[in-house]
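This report covers the confidence, the domains, one strand pair and the ligand shell of a protein model.

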Amino acid sequence: MAETIVRIENLVKRYKELVALDHLNLEIKEGEVFGLLGPNGSGKTTAINCLLSLLKYDKGKIQVFGRPMEPDTYESKRNIGVVMQNVAVFEELTVYENIDYFCGLYVTSKAERKNMVEEAIDFVGLQEFRKFYPKKLSGGLLRRLNIACGIAHRPRLIIMDEPTVAVDPQSRNKILEGILKLNSQGATIIYTSHYMEEVEQICSRIAIMDKGQVIALGTKEELKKMIKEGETIQVDLMELSEEALTEIGKMPHVYSAVYEDNLLTVRCSGGRHNVIRILNYLQEQGVSFGQVYTKLPTLNDIFLEITGKELRD
Ligand SMILES: Nc1ncnc2c1ncn2[C@@H]1O[C@H](COP(=O)(O)OP(=O)(O)OP(=O)(O)O)[C@@H](O)[C@H]1O
């Protein structure tokens, strides 16, 4: 049984009347890439700041590495690497010096640090930029530097708060690959994002947050089983009679069929051969059709079903 790395129980955080965290519960095990997914304002950053003891909270308990987390729990903090939303590096230090500075907060021996800094530089792919000052780096490269500063001391737990916001696709892929590599080397990762694709791509377990609470939790497969929606099928059609639409609506596994703007959209609750059944029927009826699209449920569909609104408002 993997060790519990983070345990958050009944955490409540208010900003005056606003309840930012409403009895939040989370348990994260060693070796996980744990995704915190939620729209802007759902409380992800607040949860992270409470977890790091950077923010006072009103109620609840937080344990990290099996010990209560307090502002002066330095032993635990040494083993945590943090990459926050805002890039925080020193303009007057080079790439190498910045990473060395942050690593030096935890590792005093310069000789020991040398390897760690080199490894972090390799890791984020900044080899050619080690002598650059931050103002010469693009947004994506700056983010990579920010990550290198957060992870060089080889922490057991790495917390990343939306590290890919406003990052070019190449840097984004580099960052996502890097996270998986850190994880394969033994680090437990907490990753917050409002991009469902990223969370689906890298996270072993996902907590979907809304209004300061966890509204769904599980692997992406488990989350997808929670909703009735299986695949969604769309067919371009020049015309479709009311009768034909009604017939399609009655087919096995179909729970909704809508025809609008020359597009037939059929939502199915699991089942197989749905596309073939629909296309065969259209052919039998002599209806000629254009392109056919199918889509499996996404984390957005889960969010939509539970909360009635889109993840990306
Ligand atoms: N310092 C603060 N003072 C007052 N309200 C705050 C403060 N920080 C956050 N909030 C509010 O608390 C709620 C949760 O915010 P939080 O930043 O934790 O959400 P988030 O999910 O991280 O969103 P984002 O992705 O935008 O960072 C929001 O309604 C936000 O407006």
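What is the mean pLDDT of the protein, and what share of its residues reach 70 or more? The mean pLDDT (the predictor's confidence in each residue, from 0 to 100) is 90, and 99% of the residues reach 70 or more. This is a predicted model, in which local features need pLDDT of at least 70, side-chain atom pairs count only at pLDDT 80 or more, and totals for chains, interfaces and linings use all residues. Residues are numbered from 1 along each chain as its sequence is written. The model scores ipTM 0.95 and pTM 0.80.

An automatic or database domain assignment gives the bounds of domain 1 (4–225) and domain 2 (232–296). Their centres, taken over C-alpha atoms, are separated by 44 Å.

Helices (H or I, at least four residues) and strands (E, at least two) are DSSP runs, numbered from the N terminus. Strands β1 and β2 pair (DSSP finds at least two bridges between paired strands) in the antiparallel sense, over 9 bridges. I8 lies opposite L26 of β2. The hairpin of β1 and β2 has 2 residues between the strands, and K16 there takes a positive phi near 50 degrees.

| Element | Residues |
|---|---|
| β1 | 4–15 |
| β2 | 18–29 |
| α1 | 44–51 |

Residues around the ligand (C-beta atom, placed from the backbone, within 6 Å of it) include Y15, L18, A20, K44 and H194. Both β2 and α1 supply at least two residues of this shell, and α1 gives the most, with 3 residues. The shell divides into 3 nonpolar, 8 polar and 1 charged; Ala, Val, Leu, Ile, Met, Phe, Trp, Tyr, Cys and Pro count as nonpolar, Asp, Glu, Lys and Arg as charged, and the others, Gly among them, as polar.
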